[in-house]
Amino acid sequence: MSTTTEPESKKLKMDEYPMSPDAEWPDAWLMPDQVEDQCAPNQLEPNVPVSAEQMRDLGICYWKMDDVDKYDYPIKAIPWDPKDAKDPKLQALRDARGYSYADIITVHPDHLPEFDQKIKAFFEEHIHDAEEIRYIVGGSGYFDVRNKEDKWVRVHVKKGDLMTLPEGIYHRFTCDEDHMIHAMRLFIGQPVWTPFNRPQEDHPSRKKYAELFLATEEKKEDADTH
Ligand SMILES: [Fe+2]
């Protein structure tokens, strides 16, 4: 059995594909609990930026894909055929992270049926029982995630951004004021996109997230000594 060697080789591969330096991460900021227009930036007054380190502490991963303009992606391709994935950097990242599945979604009034309803649904706070992985190949939008104090953090993703949200994190998505985002959805294995709307405190994925990312230092020390 190769159970002992597999994780090591996977780790080695992942070490070969480090995340982008802090300066390349998307802009992020705290936002109010309630908003009138979900597509507006909704910054606090004065603005409170959120750093790359703070995003990583919530379990977010990020890679800037410099070659996004060198490759064409269809408006709609479900599923994405791996042989069409010509970007070697994207392929290397997919191999390193095990992202075997990919498809394309275009969120725009002309390309997404029932745009208004869909946009409202995407903005419902939810979790998934798997990592959420998005590569933005055109346009832009906002991923909102809850921080450790249960406040909303708004992350402004744009063309060339590949971002992942960990399993079990409370989040939501919206277009920005340009109302257009063209994204590749990636997944490990057979894709499942089911959202579980908040509250999900007893969901195994939420418990896992809370243990990994929300446990206080005291609790962690306690766990270490027992
Ligand atoms: Fe989601």
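Mentor: Let's start with a definition: a residue is called buried if 20 or more other C-beta atoms lie within 10 Å of its own, exposed if 12 or fewer, and partly exposed in between. Keep in mind, too, that we are reading a predicted model.

Trainee: Thanks! Let me try that on a residue. Is His171 buried or exposed?

Mentor: His171 has 24 other C-beta atoms within 10 Å, so it is buried. You will find His171 in strand S8.

Trainee: And which residues is His171 in contact with, leaving aside its neighbours within four places in sequence?

Mentor: Those contacts are His126, Phe143, Asp144, Val145 and Leu165. Follow the one to His126, because with 19 C-beta neighbours inside 10 Å that residue counts as partly exposed.

Trainee: Where is His126 found?

Mentor: His126 belongs to strand S4, residues 126-127. Apart from neighbours within four places in sequence, its contacts are His171, Arg172, Pro195, Phe196, Asn197 and Arg198.

Trainee: How should I read a record annotation here? Which residues does UniProt list for "binding site"?

Mentor: Read it as a label from a record, since such annotations may be inferred rather than shown by experiment. The unreviewed UniProt entry gives "binding site" at His126, His128, Glu132 and His171. These residues are spread over 46 residues of sequence, yet they cluster in space, with a largest C-alpha distance of 11.5 Å.

Trainee: What about His128 from that list: where does it lie?

Mentor: His128 sits in the loop between S4 and S5. It has 20 other C-beta atoms within 10 Å, so it counts as buried. Setting aside neighbours within four places in sequence, His128 is in contact with Glu167, Thr194 and Pro195.

Trainee: Now to the strands. Why is strand S5 largely enclosed by the rest of the structure?

Mentor: To read a whole strand, look at its residues together. In S5, residues 132-146, 11 of the 15 residues are buried, so the rest of the structure largely encloses this strand.

Trainee: And how do I read its pairing? In which sense, parallel or antiparallel, do S5 and S6 pair?

Mentor: Look at the bridges that join two strands. S5 pairs with strand S6, residues 152-158, in the antiparallel sense over seven bridges. One place to check is Arg146, whose bridge partner in S6 is Trp152. The hairpin of S5 and S6 has five residues between the strands, and there Asp150 takes a positive phi near 65 degrees.

Trainee: How many bridges join S5 to S9?

Mentor: Six bridges join S5 to strand S9, residues 181-187, and these two run antiparallel. S5 also pairs antiparallel with strand S7, residues 161-165, over four bridges, and with strand S8, residues 171-175, over five bridges. To find your way around, note that Tyr135 stands opposite Leu162 in S7 and opposite Met184 in S9. Further along, Tyr142 stands opposite Thr174 in S8.

Trainee: Is there a general rule for where side chains point in a strand?

Mentor: Yes: in a regular strand the side chains alternate between the two faces of the sheet.

Trainee: How about one residue of S6? Is Val153 buried or exposed?

Mentor: Val153, which lies in strand S6, is buried because it has 23 other C-beta atoms within 10 Å. Beyond neighbours within four places in sequence, its contacts are Ala28, Leu30, Val50, Asp144, Val145 and Asn147. Val153 and Gln43 are 110 residues apart along the chain, while their C-alpha atoms are separated by 9.6 Å.

Trainee: Can we try one more pair of that kind? How far apart in space are Met65 and Gly160?

Mentor: Their C-alpha atoms are 4.8 Å apart, although 95 residues separate Met65 and Gly160 in sequence. Met65 lies in the loop between strand S2 (61-64) and helix H3 (88-97). It counts as buried because 21 C-beta neighbours fall inside 10 Å. Leaving aside neighbours within four places in sequence, Met65 is in contact with Lys89, Leu90, Tyr135, Gly160 and Leu162. You have already met two of these residues: Tyr135 stands opposite Leu162 in S7.

Key
Residues are numbered from 1 along each chain as its sequence is written. This is a predicted model: local features need pLDDT of at least 70, side-chain atom pairs count only at pLDDT 80 or more; totals for chains, interfaces and linings use all residues. Two strands pair if DSSP finds at least two bridges between them. Two residues are in contact if their C-beta atoms, placed from the backbone, lie within 7 Å.
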